[in-house]
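Biologist: Before we talk about how the copies are arranged, could you put the sequence and structure in front of us?

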There are 4 protein chains.
Amino acid sequence: VYAVAFSPDGKRIASGSADKTVRLWDVTTGQELFALRGHSVMISQDCVAFAPDGKFLFTADWSGTMKFWHAATGEESTTRTH
Amino acid sequence: VYAVAFSPDGKRIASGSADKTVRLWDVTTGQELFALRGHSVMISQDCVAFAPDGKFLFTADWSGTMKFWHAATGEESTTRTH
Amino acid sequence: VYAVAFSPDGKRIASGSADKTVRLWDVTTGQELFALRGHSVMISQDCVAFAPDGKFLFTADWSGTMKFWHAATGEESTTRTH
Amino acid sequence: VYAVAFSPDGKRIASGSADKTVRLWDVTTGQELFALRGHSVMISQDCVAFAPDGKFLFTADWSGTMKFWHAATGEESTTRTH
């Protein structure tokens, strides 16, 4: 695991790992909610972040791919490269 | 030390280090409160985080093990792998 | 991408990457707003930060160069070395 | 520069660098306020943090030395090892 972030409401946590996925977890139950797939290389250290209003999750990887995800559904919103 | 986090109320700090433990410290006195044992490899950089309400502490290591801890008692709550 | 930060109002995100630029993005549209140029080496991991009032963006690189930027315009404000 | 943190009031920023010092800067003027000396090895990545009330600054290095500093004066408060 290379990056973790709590959602602003504290109910969920996101983890980025060597398997190239980002996963969302329910803090109370420990249940996995979503596996966000789409990055083709490892998530960068500390490059998983929730928007302050909790609606979007932002992730970035070592190849320069950045993705916005809808935090409520785990759907990918936008991809950019930097 | 590879990861540090203040509790939201500012009274405690958590540190993750090469000895595989996470330790909780009283900010005012500098006293060690708890040594959280259970990770079998080093804590990942920046992968120690308090929940916004301060009740849970989340830690993750390089092998993919993630743990939730009760921040008030230092007891382990849940373990997951990613 | 080695560093990401949401603006405090959640409307923008800053990314630091191997191309030595820092870029500001509109969260809603995914549009690139500014490319902040001036660092001559890679941005350090996790060394992109918005001031709490959102007016300034702070960035630092591996050579010790630190820069303050006006977040609204992308103009460089101050450079220091550490 | 390996670690940066804004003070909660946004008036100062702390930087940790390869010279083993942590420096506090005035955000508005860019002036260096204090050089915090005492770490004998490099500050760890992302291991510089202000307490939520802004009174203390916490720093940690790769050797396991952790220090609390009075943020207002730059004086060292406590040293611990982890």
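Biologist: By what turn can chain A be laid on chain B?

Modeller: This is a predicted model, in which local features need pLDDT of at least 70, side-chain atom pairs count only at pLDDT 80 or more, and totals for chains, interfaces and linings use all residues. Residues are numbered from 1 along each chain as its sequence is written, chains are lettered from A and ligands numbered from 1 in the order in which they are written, and side-chain values use heavy atoms, leaving out hydrogens and water. With copies superposed by least squares on the C-alpha atoms of residues with pLDDT of at least 70 in both, chain A fits chain B with an RMSD of 0.0 Å and a shift of 0.0 Å along the axis, by a turn of 90°. That is the relation of a four-fold axis.

Biologist: Do the copies meet through the same or different surfaces?

Modeller: Contact here means heavy atoms within 4.5 Å. Only 9% of the interface residues of chain A are also interface residues in chain B, so the copies meet through different surfaces.

Biologist: Which three residues supply the most of the area that chain C buries against chain D?

Modeller: Buried area is the accessible area (1.4 Å probe) that two parts lose on being put together, summed over both. Chain C and chain D bury about 1,600 Å² between them, with 68% of it on carbon and sulfur atoms. Of the area that chain C buries against chain D, 36% comes from three residues, more than from any other three: C:Trp62, C:Phe68 and C:His82.
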